[in-house]
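I opened my notebook and went through this structure piece by piece. Here is what I looked up, in the order I got to it.

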Amino acid sequence: MKERTFEQRYQENDIPWDRDHADYNLINIVEDVPLDPCTVLDLGCGTGINSIWLAKHDFKVTGLDLSPTAIAKAKERASSEHLDIDFLADDFLQAELAGDFDLVFDRGCFHCIDSEDDKIKFAKKVAANLNNDGLWLSMIGNADDVAREVGPPTMSAAEICRVVEPHFTILSLTAGYFGGEQSDPPKAWIGVMKKRC
Ligand SMILES: C[S@@+](CC[C@H](N)C(=O)[O-])C[C@H]1O[C@@H](n2cnc3c(N)ncnc32)[C@H](O)[C@@H]1O
């Protein structure tokens, strides 16, 4: 059976990763690092809940996602909260962006990229879109998780390092969980990576 696209899944509301609250890993890192308000790209932003949290905390946010349905929902959410967020429907690997972000956040986008070659392209493009000293905060499915019938794609720490380290210094790569209301959340890697200059 052909795998459904993200657009089809958003249209059918089959989006188990979607949440009503920002992920606590994002909140913790913004508070603990701490990260001051800056320009941020929420990469694979889905329906925009993390973009909205960032905008409410004075970040200047661009949210980008492949799925026009997800982006329409994100725009609706932001407008109902009177927030000014630039939401774009595009494929990051093809998109032409201004490329002047201080922070790239992705919750579950990087790990969706299928081949290692495309993952390498993705990491290189994240770096190209960051200002000097810019950070990439990435939440990635963790290959140490138990096998799940429904769950995110996963990567090992070794795979992440292989793909990311040519372009980033890894400041931390911590084993944790995707945050949300779920009782048995999938394991995640939470990576904080700084662009190499
Ligand atoms: C697991 S979902 C997470 C969505 C959102 N970050 C969240 O936390 O709810 C992964 C998202 O990445 C998007 N995505 C996957 N590949 C992408 C690409 N090449 N360019 C832009 N978005 C992409 C999908 O459409 C999907 O919304």
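I began with I170, whose bridge partner in β7 is M193. One note to self before going on: this is a predicted model. I170 and M193 belong to a bigger pairing, so I looked up the two strands. Strand β6 covers residues 168-177, and β6 and β7 pair in the antiparallel sense over nine bridges.

Then I checked what else β7 pairs with. Strand β5 (residues 130-141) is joined to β7 (residues 187-195) by seven bridges, and these two strands run antiparallel. For one pair in that set, I wrote down L137, which has V192 as its bridge partner in β7.

I followed β5 to its other pairing. β4 and β5 are joined by six bridges and run parallel. Here I noted D106, with S138 as its bridge partner in β5. β4 also pairs with β1 in the parallel sense, over three bridges. In that pairing D42 stands opposite F105 of β4. How much of β4 is covered? Mostly: six of its seven residues are buried.

Next entry: the loops on either side of these strands. I found Q182 in the loop between β6 and β7. Is Q182 buried or exposed? I counted 12 C-beta neighbours inside 10 Å, so Q182 counts as exposed. The C-alpha atom of Q182 is 9.5 Å from that of R19, although the two are 163 residues apart along the chain.

V146 sits in the loop between β5 and α6. V146 is exposed, because I get 8 other C-beta atoms within 10 Å. I also looked up its spacing to K187: the two residues are 41 apart in sequence and 8.5 Å apart in space, C-alpha to C-alpha.

On to helix α6, residues 157-164, where I listed the buried residues as I160, V163 and V164. Why do they line one face of the helix? Looking down the axis of α6, I see its buried residues fall within an arc of 85 degrees, so they line one face. I then asked what the buried residues of α6 pack against. They pack against α5 (116-128) and also against β5, β6 and β7.

The other helix I looked up was α3, residues 49-56. Six of its eight residues are buried, so I wrote "mostly covered" because a residue with 20 or more other C-beta atoms within 10 Å counts as buried. The buried ones are I49, N50, S51, I52, L54 and A55. They pack against quite a list: α2 (24-32), β1 (39-43), β2 (60-65), α4 (68-80) and β4 (101-107).

After α3 comes D58, in the loop between α3 and β2. The phi of D58 is near 75 degrees, a positive value in a residue other than glycine. D58 is exposed, because 10 other C-beta atoms lie within 10 Å.

I found another positive phi at D133, about 70 degrees, and D133 is not a glycine either. D133 is in strand β5. With 10 other C-beta atoms within 10 Å, D133 is exposed.

One more backbone entry: the peptide bond from V33 to P34 is cis, with omega near -20 degrees. P34 is in the loop between α2 and β1.

Then I went for the core. The largest nonpolar core has 50 residues, and V40, L103, V104 and W136 touch the most other members. β5 gives the largest share of this core, six residues. I reminded myself that in soluble globular proteins nonpolar side chains tend to be buried together. I picked L103 and asked which residues it touches. Not counting residues up to four places away in sequence, L103 touches L35, C38, V40, G134, L135 and L137. I had met L137 already, as the bridge partner of V192 in β7.

Last entry: the ligand. How many residues surround it? I have 19 written down, and the closest are F6, G44, G46, F92 and G108. By class, this shell has 10 nonpolar, five polar and four charged residues.

Terms used: Residues numbered from 1 in each chain as written. Predicted model: local features only at pLDDT ≥ 70, side-chain atom pairs only at ≥ 80, totals over all residues. Pairing = 2+ DSSP bridges. Helix = DSSP H or I, 4+ residues; strand = E, 2+ residues; numbered from the N terminus. Near = placed C-beta within 6 Å. Nonpolar A, V, L, I, M, F, W, Y, C, P; charged D, E, K, R; others polar. Arc of directions from axis to C-beta. Contact = placed C-beta atoms within 7 Å. Core = buried A, V, L, I, M, F, W, Y, C linked by C-beta atoms within 7 Å.
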